[in-house]
Amino acid sequence: METPISVPQWARLAAESSRLRQSTLRALLDTPGRGQLHLELDGLLFDFSRQFVSDAVLNLFGDVCELSEFSSRREVLWRGDISNPTEKRAVTHVALRGSSNDAAATAARTQRERAEAFARDVRSGAFPGATGRRITHVVNIGIGGSDLGPAMVYRALASWASGPECRFVSNIDPVDLDRALHGLDPQTTLVIVSSKTMTTSETMHNASRARAWLEASIGDSAMAHMVASTASPDAAVQWGVSGEHVFGFADSVGGRFSVSSVIGLPLMIGLGPEVFDAMLGGMSAMDTHFHEQSWECNIPAVHAFITVLNSTVHQMSSLAVIPYSHDLSRLPAFLQQLLMESNGKSVAIDGQSVDASSPIVWGEPGTNGQHAFFQLLHQGTQVVPVDFIAVVRTTSSDTAAQRMLLANLLAQAEVLALGRTLEEVLTEGVDAELAPHKVFSGNRPNSIIALRELSPRLLGMLIAMYEHSTAVQGWLWGVNSFDQFGVEHGKVVASRNIPLLDPAEGVTGLSASFAKACEIAGMWMRDNL
Ligand code: F6P
């Protein structure tokens with residue numbers, strides 16, 4: 001497969017964008033009409049004026065879109081046809097929130113309505129459990145896409161929390177489950193086993209321990225307090241969940257794209273079905289925008305293009321996502337799986353190697369990041385593009401603090417782009433010897449994605465925007481965004497290591513490089529047991 005920038009269309013685009021980079025963002029931002037480089041949809045604003053793009057670059061992006069078969073691939077995704085060729089599967093997360101009457105959307109609607117009816121029973125106290133007592137807490141056990149999406153949304157929409165308190169357990173580190181169960185009464189706790197496959201070792205170990213915790217208090221009726229959200233209902237029933245408590249979704253929904261499926265059950269319970277449906281409404285609005293808008297007016301497509309442009313053409317190896325919203329503090333973690341598990345690939349769909357794919361995605365909320373890593377962002381030797389996520393209206397009464405928050409975001413975006421020249425530093429009277437330390441090179445590209453408020457609808461639009469941008473990035477790099485073979489082998493090796501680390505057996509059989517360390521670890525474990 002030819003890599004993106006090795007084909008003429010990308011080469012012309014790369015040359016034009018590199019020319020802009022030579023002229024600097026400071027010069028670009030002075031040009032008339034620069035402020036037009038933004039797209040808006042119903043309370044979500046995407047401002048990409050501080051990127052190495054121009055009308056000329058965007059026109060050349062059109063040629064690249066044709067090359068990557070943007071329109072036809074979008075139709076395949078929209079119809080729910082085979083978009084995941086290595087696993088010979090359709091990709092149907094759009095059907096989860098669609099209003100169409102096709103088979104996938106109809107099945108998804110039925111599955112959602114069944115889960116939402118259960119959530120209403122739990123919230124109202126109609127769900128009897130084993131003792132007839134109202135459920136006060138939910139413990140969701142899942143990992144990856146079965147945790148990151150629901151946990152991020154639950155935190156983001158904390159203002160809408162109204163039902164039982166939801167806690168999220170993901171890690172096999174035993175203290176994760178210990179901390180979640182601490183202080184809870186098994187008789188008023190519902191455990192959700194969230195697993196697309198019902199085979200993930202961390203989840204199934206934690207689920208077994210949670211079951212034992214329930215049984216210790218409730219006895220044989222413990223399974224009345226365990227439900228499962230899964231694409232493997234038979235495996236859930238075989239594990240012990242009663243059929244009426246298994247909430248299924250289609251195998252064609254990828255784990256990292258599953259927050260709008262019944263994997264969102266903790267959200268239906270903790271926030272309410274109406275809030276969950278409002279989030280789906282926002283996702284559906286972004287779906288329609290993505291499906292209907294031509295690429296130059298298409299928010300996910302332009303976002304994807306800029307992400308590929310910076311990482312592949314301008315060789316910027318990471319992307320920082322900085323939400324200036326403390327309730328969005330788990331958004332970077334969610335996007336790490338969505339973007340890097342989707343496009344962290346080195347083989348194209350046709351089996352040929354590619355030498356360009358996903359940047360490293362990372363981030364923390366602002367303004368905290370300003371006191372942690374913004375030094376590198378401003379004056380480091382590596383240029384790191386930034387997606388600033390702004391939430392304009394706050395749910396707090398402290399509007400003065402909200403103004404400070406937004407003022408900081410705008411300042412950081414400006415300084416990254418414009419920098420601060422030596423002349424400017426000297427005119428401020430800075431000592432000539434010190435001056436070089438106070439120069440900011442600027443020319444550091446960044447976008448602002450602003451939400452009018454952090455509502456369920458606008459959060460849904462933001463999530464869907466990144467979901468579709470992820471798919472378009474994969475089309476541009478030529479990789480399959482919907483498989484994840486890279487995570488399978490580590491699981492196999494881990495399962496081989498477990499008995500080797502059994503203190504009773506003595507640590508043997510590990511490769512020499514680990515031997516001494518594991519001998520010490522084994523000794524410590526023996527002492528710990
Ligand atoms: O990380 C690999 C992976 O398969 C993810 O794609 C998935 O979200 C996660 O593990 C959990 O898988 P499951 O939902 O099947 O337990």
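Author: In this predicted model, Phe61 has a relative accessibility of 0% and therefore counts as buried.

Reader: With which residue does Phe61 form an aromatic pair, and what is the geometry of that pair?

Author: Phe61 pairs with Trp295 in an edge-to-face arrangement, with 5.4 Å centre to centre and 85° between the planes. Because Phe61 belongs to helix H3 (residues 55-67) and Trp295 to the loop between helix H11 (273-292) and helix H12 (299-313), the pair ties together parts that are 234 residues apart in sequence. Trp295, at 17% relative accessibility, is buried because the cut-off lies at 20%.

Reader: How should the pair of Phe118 and Phe247 be read, as stacked, tilted or edge-to-face?

Author: Their ring centres are 5.1 Å apart and their planes stand at 40°, so this pair is tilted. Phe118 lies in helix H5 (residues 103-124) and Phe247 in strand S9 (residues 246-248), 129 residues apart, and the pair thus links distant parts of the chain. Phe118 is buried with a relative accessible area of 9%, and Phe247 is buried with 2%.

Reader: Which residues do ring pairs link into a cluster?

Author: The cluster consists of Tyr324, Trp362, Phe373, Phe374 and Phe388.

Reader: How is empty space found, and what lines the largest pocket?

Author: Rolling a probe the size of a water molecule over the atoms shows where space is left empty. Here the largest pocket holds about 950 Å³, and of the 38 residues lining that pocket, Thr197, Thr200, Val487, Glu488 and Lys491 are the closest to its centre. Helix H18 (488-500) gives the most to the lining, with 5 residues, and the lining as a whole divides into 11 nonpolar, 18 polar and 9 charged residues.

How values were computed. Residues numbered from 1 in each chain as written. Predicted model: local features only at pLDDT ≥ 70, side-chain atom pairs only at ≥ 80, totals over all residues. Heavy atoms only, no water. 1 Å grid on protein atoms, 1.4 Å probe; cavity = no way out; pocket = protein on both sides within 12 Å on 5 of 7 lines; lining within 4 Å. Points joined across faces, edges and corners; volume = space filled by probe spheres on them. Helix = DSSP H or I, 4+ residues; strand = E, 2+ residues; numbered from the N terminus. Nonpolar A, V, L, I, M, F, W, Y, C, P; charged D, E, K, R; others polar. Phe/Tyr/Trp six-rings, centres within 6.5 Å; stacked < 30°, edge-to-face > 60°. Buried < 20%, exposed > 50% of the residue type's maximum accessible area, 1.4 Å probe, protein only.
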